[in-house]
Amino acid sequence: MQGAHYISNCTNITSPGLYVLASDLSGHQTAGYCIGVFSSNVTLDGDGHSLYGSYHEGLGVYVNGSSRNVTIEDMEVTDYRTGLGVYGNNDRVFNVTADNNEGDGLIIYGSYDVIEGSRFVGNMNYGLYLYFTYGDLIYDNLFNNTDNVY
């Protein structure tokens, strides 16, 4: 993809732009997540790849609360404590599979987010945990977890 930044290991994203997983990734940084987003106007495209946790620890993807307009798409996030933690506003999760996470598949703490065309299956807590949210759109998703949505 032209103009893309390719990601080949767990990292932090600190500038706007398109970021694409170059391969499957496993584990997490010492901060407790594999990919941390600390910028607005970011697209994180998994390009069909997966993030694999180890021993159900940490988060696969963490989006910082000061970030806005972050899109996470086309990836699987599995075997973490929490698959994805999205704490910004106006974010989008599209075509993501969060499965077999020990806690929640996706935590949303923000407003005006869109969760579309994603799968939340086999997570031990909630597939989708909404915390202090407002105006979120959630549609065309599959849920099959211990508890589906909170």
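In strand β12, I107 is the residue that stands opposite G85. This pairing belongs to a predicted model of a protein chain whose secondary structure comes to 18 strands and zero helices. The briefing below begins with the strands around that pairing, then turns to a second set of paired strands, selected loop residues and the chain as a whole.

**Strand β10 and its partners**

- Strand β10 spans residues 82–86 and is mostly covered, with five of its five residues buried.
- β10 and β12 run parallel and are joined by three bridges.
- β10 also pairs with strand β8, residues 59–63, through four bridges, and these two strands likewise run parallel.
- Within the pairing of β8 with β10, L59 has T82 in β10 as its bridge partner.

**Strands β3, β6 and β9**

- Strand β3 (residues 17–21) and strand β6 (residues 42–45) run parallel, with four bridges between them.
- L18 has T43 of β6 standing opposite.
- β6 pairs in turn with strand β9 (residues 70–78), again in the parallel sense and over four bridges.
- The bridge partner of L44 in β9 is I72.
- T78 is a further residue that lies in strand β9.
- T78 has a relative accessibility of 6%, and because buried means under 20%, T78 counts as buried.
- Apart from residues up to four places away in sequence, T78 touches L51, Y52, G53, D99, N100 and N101.

**The loop between β11 and β12: G105**

- G105 is placed in the loop that lies between β11 (92–99) and β12 (106–108).
- The relative accessible area of G105 is 0%, so this loop residue is buried.
- With residues up to four places away in sequence not counted, G105 touches G83, L84, A98, N123, Y126 and G127.
- From G105 to L18 the separation is 87 residues in sequence, and the C-alpha atoms of the two are 23 Å apart in space.

**The loop between β11 and β12: D104**

- D104 is also found in the loop between β11 and β12.
- At a relative accessible area of 8%, D104 is buried.
- The contacts of D104, leaving aside neighbours within four places in sequence, are R81, T82, G83, N123, N125, Y126 and Y129.
- D104 and L84 are 20 residues apart in sequence, with 8.1 Å between their C-alpha atoms.
- G83 is among the residues in contact with D104, and G83 is also one of the residues that G105 touches.
- N123 and Y126 likewise appear among the contacts of D104 and among those of G105.

**Positive phi in loop residues**

- Most residues other than glycine have a negative phi.
- N69 is not a glycine, yet has a positive phi of about 55°.
- The loop between β8 and β9 is the place of N69.
- N69 has a relative accessible area of 39% and is therefore partly exposed.
- N90, another residue other than glycine, has a positive phi near 60°.
- N90 lies in the loop between β10 and β11.
- The relative accessibility of N90 is 38%, so N90 counts as partly exposed.

**The chain as a whole**

- The protein chain has a radius of gyration of 14 Å, which agrees with the value near 15 Å that a compact globule of 150 residues would have.
- Taken along the principal axes, the C-alpha atoms of the protein chain fill a box of roughly 40 × 35 × 25 Å.
- Of the 150 residues in the protein chain, 48% are buried.
- Among contacts with a separation of 6 or more, 40% come from residues 24 or more positions apart.
- The exposed area of the protein chain is about 6,800 Å², with 46% of it supplied by carbon and sulfur atoms.
- The protein chain has 4 positive and 17 negative charges, and the mean positions of these two sets are 5 Å apart.

Terms used:
Residues numbered from 1 in each chain as written. Predicted model: local features only at pLDDT ≥ 70, side-chain atom pairs only at ≥ 80, totals over all residues. Heavy atoms only, no water. Rg over C-alpha atoms; globule rule 2.2 N^0.38 Å. Buried < 20%, exposed > 50% of the residue type's maximum accessible area, 1.4 Å probe, protein only. Contact = heavy atoms within 4.5 Å. Areas by Shrake-Rupley, 256 points an atom, 1.4 Å probe, with all protein chains shown as cover. Lys, Arg positive; Asp, Glu negative; His and termini not counted. Charge placed at Lys NZ, Arg CZ, Asp CG, Glu CD. Pairing = 2+ DSSP bridges.
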